[in-house]
Structure formats: C-alpha cells, structure tokens
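This report describes the fold of one protein chain. The sequence and the coordinates are shown first.

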Amino acid sequence: MKQIVFNSFPRSGNVYSAHTVGNFIEGMFAAVHIPEIFQVKEIANVTIFRKPSEAIASLLNKQLETSNENVLNPIITENQVIGSCELYRTYMSYAIEYRDNIYIGRFEDLISYTVRHFENVAKWFDIPLIPGYEDRFGQVSLSGRIWDDRHDGHIPRPKDDIRLAIEQSVASLPIIQELDREYEIFIEKYQTKVN
C-alpha cells in the first residue's frame with residue numbers, strides 16, 4: 001500500500017487533496033507542512049504550488065479570522081508576510097533539490113482539473129488508479145464544514161471586504177511581487193511533466 005503525503009505551503013490544496021485522493025488511489029494519505037521530508041524516497045510526496053500572493057493572502061485571512069480581531073495590524077501583517085515569503089522559498093528550494101522524488105503540481109490544475117491531476121500523480125509514482133475513479137469523483141459532494149466553513153473552508157468561497165483588502169494589500173507589496181515572479185519561473189521549470 002502506497003503512502004502519499006500532501007506536503008505544500010499552507011492554503012495550497014493539501015486538505016482538498018487528502019479528502020479527494022481516496023476516489024482515485026488506494027493507500028494511506030496525510031496532509032502536512034514539512035518540506036524537509038521531500039527527501040524521503042519511500043513516501044510519495046505531492047506538493048502543490050499556489051501563486052504566493054494568493055496563498056499568503058489566504059493564510060493571513062485565515063489567521064485574522066481565527067484571531068477574533070476586526071482590524072488588520074499593518075506591522076503584524078508585514079512581519080507575517082516576510083516570514084511567509086521565507087517559508088514559501090523554503091518549499092521551492094526543497095522542491096528543486098528533491099524534484100526527482102516528488103510530484104510538483106500547480107494549484108490551478110489541482111482545483112480545475114482534479115481528475116487529470118490525480119491521473120498524473122498516479123502515473124508519476126506508478127500507482128494504479130481505482131476502477132471507476134472518474135465516476136467516484138463525480139459523485140463527491142464538496143459541501144459541509146470542511147469545505148465551506150467561514151474560517152477554515154477548503155474550497156473557494158465568497159470573499160468579504162476584509163479578505164479583498166488583505167489580498168490587495170499583500171499583492172501590492174514589492175516582496176510579494178518579487179516572489180510571484182520567482183514562482184512563475186520556478187513552476188514553469190520544475191512542474192512535474194508526465195508523459
């Protein structure tokens with residue numbers, strides 16, 4: 001039985017992956033945030049990269065929502081952004097170093113083309129797909145607390161004014177704009193290509 005670990009920067013599809021993969025592949029699955037384990041060859045590490053400005057804004061929004069604060073403190077946000085950028089770069093550097101061990105995917109592909117994404121993951125790790133996987137996934141109901149909870153939902157949901165302000169603020173920062181450019185170069189070069 002294959003062990004698959006979904007191991008990405010926060011807010012980049014780990015939970016979605018871990019809850020939908022069972023429709024495609026039989027095995028043991030976990031979702032973690034530990035890029036250092038990319039080097040473990042015995043584990044099928046799947047890492048998904050979401051555009052940094054989007055992932056970091058989502059992370060800051062989640063932290064704000066769960067902190068019960070109504071106003072975003074710009075100093076705290078700047079420190080969080082700096083730390084988040086460093087962590088994002090750590091994911092990229094480990095992914096580059098261990099790219100032969102892991103599957104590197106794009107967030108948009110996971111969300112928009114889930115079936116093809118998991119077909120590619122299975123092929124990359126030479127794991128058989130469950131018969132009827134397309135029908136099984138087609139019957140999945142992505143509703144309920146894990147999917148659309150206000151604070152911790154794992155599929156896109158309507159954005160309130162605070163979320164939109166966070167996204168705009170984060171996207172305007174030069175450090176984020178630079179990281180977005182690094183991401184575009186990285187994902188173009190290192191995204192796993194399956195024949």
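Among contacts (heavy atoms within 4.5 Å) between residues at least 6 apart in sequence, 80% join residues at least 24 apart. The model is a predicted one, in which local features need pLDDT of at least 70, side-chain atom pairs count only at pLDDT 80 or more, and totals for chains, interfaces and linings use all residues. Residues are numbered from 1 along each chain as its sequence is written, and side-chain values use heavy atoms, without hydrogens and water.

The protein contains nine helices and four strands, taken as DSSP runs (helices: H or I, at least four residues; strands: E, at least two) numbered from the N terminus. Their order from the N terminus is β-α-β-β-α-α-β-α-α-α-α-α-α.

The four strands make an open parallel sheet in the order E2-E1-E3-E4, where pairing requires at least two DSSP bridges between two strands. At its edges lie E2 (27-32) and E4 (102-106), each paired on one side only. Neighbouring strands are turned by 20° against each other on average, direction ignored. Strand E1 (residues 2-7) is joined to E2 by six bridges; Gln3, for instance, has Met28 in E2 as its bridge partner.

Two helices lie across the sheet strands as tabulated; angles run from 0 to 180 degrees between N-to-C directions of axes, which are lines fitted to C-alpha atoms, for helices over the stretch in contact.

| Helix | Strands crossed | Angle to E4 |
|---|---|---|
| H5 (residues 114-125) | E1, E3 (44-49), E4 | about 160° |
| H9 (residues 174-190) | E3, E4 | about 125° |

Of the 195 residues, 43% are buried, that is, under 20% relative accessible area (1.4 Å probe, protein chains only).

Definitions and conventions
Buried < 20%, exposed > 50% of the residue type's maximum accessible area, 1.4 Å probe, protein only.
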